[in-house]
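Please look through the structure below with this note beside you, taking the points in order and finding each residue as it is named.

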Amino acid sequence: MSKIKITVINTGGTFNKVYNTIKGHLDVKSDNSSLDNIIKYCHNVEFEIDNIISKDSLEITNVDRHLMLKHIKEAKTQ
């Protein structure tokens, strides 16, 4: 049985937020650690993670949206 292949376009936000105790606010990390913890429990699925921006959704601009659309159109998986 072949694995299902899924591309996850990581833009930061909820999955990547960590509380910065020094600055007293939430920061958005630019790595995959949160997603890696989630997808390790998915079996028979092969994930490709595409990190394109590291922003909270409230900070995403139209330029970012166009970048996301470009990556969606170019994705080779679902």
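The points below deal with one helix and then with one strand residue.

1. Please keep in mind throughout that this is a predicted model, and that the residues are numbered from 1 along each chain.

2. Helix H2 covers residues 62-74, and Asp64 is found in it. The 13 residues of H2, at 1.5 Å a residue, should span 18 Å, and this agrees with the 18 Å that separates its end C-alpha atoms.

3. Is Asp64 buried or exposed? Its relative accessibility is 8%, and because buried means under 20%, Asp64 counts as buried. When its neighbours within four places in sequence are left aside, Asp64 is in contact with Ile53, Lys55 and Glu59.

4. Asp64 shares its burial with Met68 and His71, these being the buried residues of H2. They cover an arc of only 65 degrees around the axis, which means that they lie on the same side of H2. The face turned away from this buried side carries Asn62, Val63, His66 and Lys73, which are exposed.

5. What do the buried residues of H2 pack against? They pack against strand E1, residues 4-10, and also against strand E4, residues 45-51.

6. Strand E4 is also the place of Phe47, a residue that is partly exposed, with a relative accessible area of 25%. Apart from neighbours within four places in sequence, Phe47 is in contact with Ile6, Val8, Ile39 and Cys42. Phe47 and Lys5 are 42 residues apart in sequence, yet their C-alpha atoms are 5.9 Å apart in space.

Key. Predicted model: local features only at pLDDT ≥ 70, side-chain atom pairs only at ≥ 80, totals over all residues. Heavy atoms only, no water. Helix = DSSP H or I, 4+ residues; strand = E, 2+ residues; numbered from the N terminus. Buried < 20%, exposed > 50% of the residue type's maximum accessible area, 1.4 Å probe, protein only. Contact = heavy atoms within 4.5 Å. Expected span 1.5 Å × (residues − 1). Arc of directions from axis to C-beta.
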